[in-house]
Amino acid sequence: QVQLVESGGGLVPAGGSLRLSCEPSGGTFNTYAMGWFRQAPGKEREWVAAINWSSGSTFYSDSMKGRFTISRDNAKNTLYLQMSSLEPEDTAVYYCAARTRPTPKYDVWGQGTQVTVSS
């Protein structure tokens with residue numbers, strides 16, 4: 001079964017940067033779009049950013065715009081999230097997800113990577 005595997009999380013001081021990566025594991029699939037989500041303790045999962053896999057068009061949550069950059073490497077079939085000016089409020093488990101069908105639903109998910117921003 002194809003899954004996604006995130007990496008790059010960790011502990012970073014406020015104002016620091018991290019780059020998350022996401023790669024498929026166990027096979028390949030058609031990719032229409034990919035996105036990043038996050039879930040902080042006691043909160044609902046929220047959408048962070050998305051990228052159209054063919055065109056490269058990017059979309060961001062207003063609260064992350066300007067600090068986070070989503071990108072992809074088609075050759076490596078890898079998704080990235082560059083995060084800068086991190087704040088303690090960015091502490092969360094970050095998930096990547098893929099839309100493998102031409103529908104709005106993300107149907108392949110990763111297990112998540114923890115990002116902790118210390119104050």
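These exercises work through strands, pairing and burial in a predicted model.

**Exercise 1. The four-stranded sheet**

Work out the strand order of the open sheet of four strands, and find which strands stand at its edges.

*Solution.*
- Step 1. Trace the order: S1-S3-S8-S7, with antiparallel pairing.
- Step 2. Look for strands with a single partner. Strand S1 (3-7) and S7 each have one, so one side of each is left without a neighbour in the sheet. These two stand at the edges.
- Step 3. Check the turn between neighbours. Direction ignored, neighbouring strands of this sheet are turned by 20° against each other on average.
- Step 4. Take one pair in detail. Strand S3 (residues 18-25) and strand S8 (residues 78-83) run antiparallel and are joined by five bridges. One residue to inspect is Arg19, whose bridge partner in S8 is Gln82.

**Exercise 2. Strand S4 and its partners**

Find which strands are joined to S4 by bridges, and follow Phe37 into each.

*Solution.*
- Step 1. Start with S5. Six bridges link S4 to strand S5 (residues 46-52), and the two run antiparallel. Phe37 has Trp47 as its bridge partner there.
- Step 2. Go to S9. Seven bridges link S4 to strand S9 (residues 92-99), again antiparallel. Here the bridge partner of Phe37 is Tyr95.
- Step 3. Inspect the hairpin of S4 and S5. Six residues lie between the strands, and Gly42 takes a positive phi near 75°.
- Step 4. Check burial. In strand S4 (residues 33-39), six of the seven residues are buried.

**Exercise 3. Ser61: buried or exposed?**

Locate Ser61, classify it and list its contacts.

*Solution.*
- Step 1. Ser61 sits in the loop between strand S6 (58-60) and strand S7 (68-73).
- Step 2. Its relative accessible area is 13%. Buried means under 20%, so Ser61 is buried.
- Step 3. Leave aside neighbours within four places in sequence. Ser61 is then in contact with Trp47 and Val48.

**Exercise 4. The surroundings of Asn52**

Classify Asn52 by accessibility, then find the partners of its side chain.

*Solution.*
- Step 1. Asn52 lies in strand S5.
- Step 2. Its relative accessibility is 27%. That value falls between the cut-offs of 20% and 50%, so Asn52 counts as partly exposed.
- Step 3. Leaving aside neighbours within four places in sequence, Asn52 is in contact with Tyr32, Ala33, Ser57 and Arg72.
- Step 4. Turn to polar partners. The side chains of Asn52 and Ser54 share a polar contact of 2.9 Å. A polar atom of the Asn52 side chain also lies 2.9 Å from the backbone nitrogen of Ser55.
- Step 5. Compare sequence with space. Asn52 and Thr31 are 21 residues apart in sequence, yet 8.6 Å apart C-alpha to C-alpha.

Note on methods
Residues numbered from 1 in each chain as written. Predicted model: local features only at pLDDT ≥ 70, side-chain atom pairs only at ≥ 80, totals over all residues. Heavy atoms only, no water. Buried < 20%, exposed > 50% of the residue type's maximum accessible area, 1.4 Å probe, protein only. Contact = heavy atoms within 4.5 Å. Pairing = 2+ DSSP bridges. Axes fitted to C-alpha atoms, helices over the stretch in contact; angles between N-to-C directions. Polar contact = N/O pair within 3.5 Å; in protein donor to acceptor, adjacent residues only side chain to side chain.
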